[in-house]
Amino acid sequence: MSDRHPKTDPSHFSPVMRDLSVNPGAEIMRYAAVKPDIISLAQGDSDFGTPDFICDAVTKAMKQGLTHYGPPLGIPELRQELSDYYKRIYGLDIGVERMFVTGSGSKAMNFCLKALVEKDDEVIAVTPIWKNLLSSLELAQCRITDVPMDQENGDWSLDLDKLMDACTAKTKLILITSPSNPSGWIMQRDQIKALMNFARERGIWIISDEVYSRTVYEGRYAPSFLEFATDDDLLFVVNSFSKTWAMTGWRLGWLVGPRAAHDYIRDIALYDYMGPPPFIQHGGIAALRDGEGFLKTQIDLWKRNRQTLQDGFAQSNRILSTPPESSFYYFFKVDGEPDDIALARRFVDEAGVSLAPGCAFGKVGTGYLRFCYAVSEEKVATALDRILSVIKD
Ligand SMILES: Cc1ncc(COP(=O)(O)O)c(C=O)c1O
């Protein structure tokens with residue numbers, strides 16, 4: 001705060017904001033931001049620019065004058081395109097009335113939380129999980145029950161019995177991310193089906209974050225909760241254009257919900273921001289329609305980068321990790337280095353590389369670091385050499 005302004009007593013701000021937990025990932029990024037020549041791999045962003053055909057569609061839409069307010073749930077053409085996309089890629093019939101366009105995956109998540117939970121509602125979160133999702137729960141003032149996944153040296157698995165046992169009569173919803181950021185773990189169909197059936201019987205909502213659903217190394221898409229849900233099940237699926245088509249700065253995402261959610265989400269969107277920008281949504285239409293080739297190019301690069309890291313990590317006796325099945329993160333730990341924040345700082349100071357500390361993804365991530373490899377092969381190779389030299393045996 002500038003000296004010229006009097007300090008404002010924190011009690012003027014809301015207690016929820018005052019008590020919000022720190023975000024160790026954001027702190028490392030701030031720590032690294034003031035250092036020279038940092039290779040920044042702490043955030044989930046790609047080196048690729050958004051492809052021209054997407055940008056061109058938006059320029060055209062702007063020039064056509066689509067610069068006014070639009071419908072709160074998105075323009076009908078994009079909602080229809082989303083419905084067609086689920087049919088074409090996933091083989092699913094999901095009507096337009098269940099497709100809600102949002103100004104990012106983050107907004108999609110916050111909209112469904114707003115629609116569902118009130119203060120002190122019990123929410124189950126499967127961890128490790130992206131910190132922002134945990135913070136969204138904090139902001140919604142839920143009681144969070146953390147269900148940590150099991151892990152052995154970077155190999156993550158979900159004990160479904162443990163998850164079901166954690167549910168009580170008061171559980172309002174289960175939040176799960178598959179494919180996972182940070183671990184790249186993918187939930188398999190038998191588990192999805194069993195969890196969907198369980199939640200249906202118990203009247204518990206599921207929010208499934210499927211933002212990495214297309215960034216997979218085998219097959220075309222990761223199994224989705226939508227494959228096992230009816231039009232009326234208590235299920236929200238959160239998705240985004242950010243990762244699949246290198247559109248992080250566009251702030252465009254979507255939500256698939258049950259039919260009954262339509263009016264609630266519409267009203268939340270109306271009062272939050274009056275809906276996503278219409279011209280931006282034309283970029284979304286272009287991505288869904290013509291973006292498969294671009295996605296393949298990205299996945300090919302990520303596969304090469306994953307291999308480079310796998311080979312490099314194998315050279316060190318200290319690195320414990322398993323190659324991810326999806327996403328573009330390598331989640332690893334270093335033997336003898338239990339303090340991931342301290343190690344992340346050392347990597348900034350001694351290697352000029354910023355990585356996300358694992359504790360940001362929940363307690364079970366402590367000791368891990370997340371390396372985002374959605375960047376050029378040269379950057380990955382240089383960052384790898386530099387961090388290996390810091391931890392050499
Ligand atoms: C699991 C997960 N969900 C949601 C998001 C947010 O996506 P968006 O950029 O659309 O807000 C991210 C971004 O990193 C993410 O990792």
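Here are legends for several close-ups of this structure, which is a predicted model.

**View 1. The open sheet and its two edges.** Seven strands make up an open sheet, lined up in the order 2-10-9-8-7-3-4 with mixed pairing. Strand 2 (99-102) and strand 4 (143-148) sit at the edges with a single partner strand each, so one side of each has no neighbour in the sheet. Going from one strand to the next, the twist averages 20°. Look for helix 4 (residues 76-90) too: helix 4 packs on the sheet and touches strand 2, strand 9 (235-240) and strand 10 (253-256). The direction of helix 4 makes about 120° with that of strand 2.

**View 2. Strands 7 and 8, side by side.** Strand 7 (residues 171-177) pairs with strand 8 (residues 205-209) in the parallel sense, and five bridges hold the count for this pairing. To find your bearings, start at Leu175, whose bridge partner in strand 8 is Ile207.

**View 3. Strand 3, covered on both faces.** Strand 3 covers residues 122-127, and six of its six residues are buried. In a regular strand, side chains alternate between the two faces of the sheet. Here, Glu122, Ile124 and Val126 are buried on one side, while Val123, Ala125 and Thr127 are buried on the other. Next door is strand 4, which runs parallel to strand 3 and is joined to it by six bridges. Among the residues facing each other across this pairing, Glu122 stands opposite Arg143 of strand 4.

**View 4. Helix 12 and its buried face.** Which residues of helix 12 (residues 340-351) are buried? They are Asp340, Leu343, Ala344, Phe347, Val348 and Ala351. Seen down the axis of helix 12, these buried residues fall within an arc of 145°, so they line one face of the helix. They have plenty to pack against: helix 2 (24-33), strand 12 (329-334), strand 13 (353-354), strand 14 (356-357), strand 15 (368-372) and helix 13 (377-390).

**View 5. The two ends of helix 12.** At the start of helix 12, Asp339 puts a side-chain oxygen within 3.2 Å of the backbone nitrogen of Ile341. Just after the helix comes Gly352, with a positive phi of about 65°.

**View 6. Tyr86 and Tyr90 in an aromatic cluster.** A pair of aromatic rings is described by the distance of the centres and the angle of the planes. The model has 23 aromatic pairs. In one of them, the rings of Tyr86 and Tyr90 have centres 5.0 Å apart and planes at 35°, so this pair counts as tilted. Both residues belong to helix 4, and being four residues apart there, they are separated by about one helical turn. Buried or exposed, these two tyrosines? Tyr86 and Tyr90 are both buried. They also belong to a bigger picture: ring pairs link Tyr85, Tyr86, Tyr90, Tyr221, Phe241, Trp245 and Trp254 into a cluster.

**View 7. A stacked pair between strands 12 and 15.** Phe331 and Tyr368 form a stacked aromatic pair, 4.7 Å from centre to centre with 20° between the planes. Phe331 is in strand 12 and Tyr368 in strand 15, so the pair ties together parts that are 37 residues apart in sequence. Neither ring residue is out in the open: Phe331 counts as buried at 3% relative accessibility, and Tyr368 counts as buried at 0%.

Notes. Residues are numbered from 1 along each chain as its sequence is written. This is a predicted model: local features need pLDDT of at least 70, side-chain atom pairs count only at pLDDT 80 or more; totals for chains, interfaces and linings use all residues. Side-chain values use heavy atoms; hydrogens and water are left out. Two strands pair if DSSP finds at least two bridges between them. Axes are lines fitted to C-alpha atoms, for helices over the stretch in contact, and angles run from 0 to 180 degrees between N-to-C directions. Contact means heavy atoms within 4.5 Å. Buried means under 20% relative accessible area, exposed over 50%, partly exposed in between (1.4 Å probe, protein chains only). The arc is that of the directions from the helix axis to the C-beta atoms. A polar contact is a pair of N or O atoms within 3.5 Å; within protein, one must be able to donate a hydrogen and the other to accept it, and residues adjacent in sequence count only if both atoms are side-chain atoms. Rings of Phe, Tyr and Trp (its six-membered ring) pair if their centres lie within 6.5 Å; planes under 30 degrees apart count as stacked, over 60 as edge-to-face and the rest as tilted.
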